[in-house]
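I opened this entry to record what I looked up on the surface and in the overall make-up of the model. The notes follow in the order in which I took them.

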Amino acid sequence: SSNFGSIRPLEHNFGETPQEKKASASDKMALRASKRSAGLLPLLLLVALSYAFSTLTFVSLSTAPRRPATSRVAQGRERSRVALAARGGEENGEKLAVGDVVSALCPDDDQWYPGTIEKINDDSTYCVKWDDPEGGPETHDVPLDGIRKIVIFKDYKVGEQVEAVFPDDGYWYPAEVTKVADGTFTVKWEDPDGGPEESEVDPKDMKYPPIPFDKLEVGQKYHGTVKSVLDFGAFVDIGAESDGLLHISRISQERIENIYDVLSEGQQVDVWIAGKREDEGKYGLTMVEGLTDGPARRAPADLTPFADLPSDEWFTGVVARTAPFGAFVTVTLEDGATADGLVHVSKIKDGFVDNVDDELSAGQEVKVRIESVDLDSNRMSLSMREGFGGGGGFREPVDLTPFESISSDTWVNGKVARLAPFGAFVTVTAEGKSADGLVHITQIRDGFVESVEDELSVGQEVEVRIESVDVDSGKMSLSMKQPE
């Protein structure tokens, strides 16, 4: 039966018209009934429409799932009232309790939003009441692994510069702490603009101002929040004027196959400043302590004084820095000219070098020869080895003549001889003669290759194409990719 069946129309007193006074009693009754029906028609229509609308609304709200509107994600720099760790709040692993301020994962859209624990359910989930549901459900039941407890920072000191929420409009403004009492703070607004000069503010509505770019230093540690995750890395808010880029290669010393298995939006992370681009106002981050970009790039050195020096003359140099593929050594001539050159890992000593850092270290003094100088690319190649082999004297380079005539479209069988961070050396044979060629890391396969060892191993048989042969220098370039 209808819920509206018990509703009685209002009995209006229409009064008698001259026509009614002249009519018979039965006629009067008929006339009044018709008028009453005509007067009640609009009211009945209104009731019917209200019933239809309420039924439609109930059906739409009960069948269509709602969630906290994602427009909050798109609000950009409009910040949550729950302070970030770098600004006050911090993630805390303590047991959750009713009333705790948290950041929780909304099951409707897999986004993190601020809220409060309202109830602990019997099934070990938690009823989270959202700070700002924006038309969606006010609460959701969320499992423990979808909740991060936020501890509100309360250690602000008198005289400190902060940003606080102005009670009258809910926006953030710069202010100075003037009083601390009973867990609340009094702040003096930097520009009251006709409003009160001071206000009492709850600590959850306070945070430290953004860190200026010029105050960020390479190597500094921060606690931040992941704002967005992309295939190549993540942007992290550390409380600075802008978010920093955490590249996928700087998340761990181990290879990361899928960044989404490691990071998610809203996750709290410890990071270090890896590098800065002063001209662009951008900075990079790392989750591996010590994995920084190193010093800022210097202007390219003039290699002209080194171009005509004999390759059998020895010079004293100092190791500037090491890398997986070799060491950069600073060479200074008697006339004061100085420049850095690369001692490739294969040129450090006779025999195989597994780890450059086992052989050389920054600041170490070494003897080097200048093997080549490329003025166009501003590169200088150095060697710590004598000739082509060391104590045994010079060795003739391998004769690559038989490989010159092989088309770059022809596939040749080969065997991996050794691996290096930059590629793999593969032994190939032509006209009864064997020689090693380099398959550069970019030529192993289509797509990005982060580690050569993940793709190839010593002794593995592969098919390669001969891309180029330099008989004079004894170098041959190979490829495992299809010809373009």
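I first placed F232, which sits in the loop between β12 (221–230) and β13 (233–237), strands being DSSP runs of E with at least two residues, numbered from the N terminus. This is a predicted model, in which local features need pLDDT of at least 70 and side-chain atom pairs count only at pLDDT 80 or more, while totals for chains, interfaces and linings use all residues. Residues are numbered from 1 along each chain as its sequence is written, and side-chain values use heavy atoms, with hydrogens and water left out.

I then looked up the cover of F232 and found a relative accessible area of 39%, so F232 is partly exposed (buried is under 20%, exposed over 50%, partly exposed in between, with a 1.4 Å probe and protein chains only). Together with L230 and Y260, F232 makes a nonpolar surface patch of about 280 Å²; patch residues have over 30% relative accessible area and no salt bridge (a side-chain nitrogen of Lys or Arg within 4 Å of a carboxyl oxygen of Asp or Glu), and nonpolar side chains are joined within 5 Å, like charges within 9 Å.

Next I turned to D312, in the loop between β16 (282–286) and β17 (314–323). D312 is exposed, because its relative accessible area is 54%, and with E313, E334 and D335 it forms a negative surface patch.

For the whole protein I noted four helices and 26 strands, and that buried residues make up 33% of the 484 residues.

Terms used: Areas by Shrake-Rupley, 256 points an atom, 1.4 Å probe, with all protein chains shown as cover. Lys, Arg positive; Asp, Glu negative; His and termini not counted. Charge placed at Lys NZ, Arg CZ, Asp CG, Glu CD.
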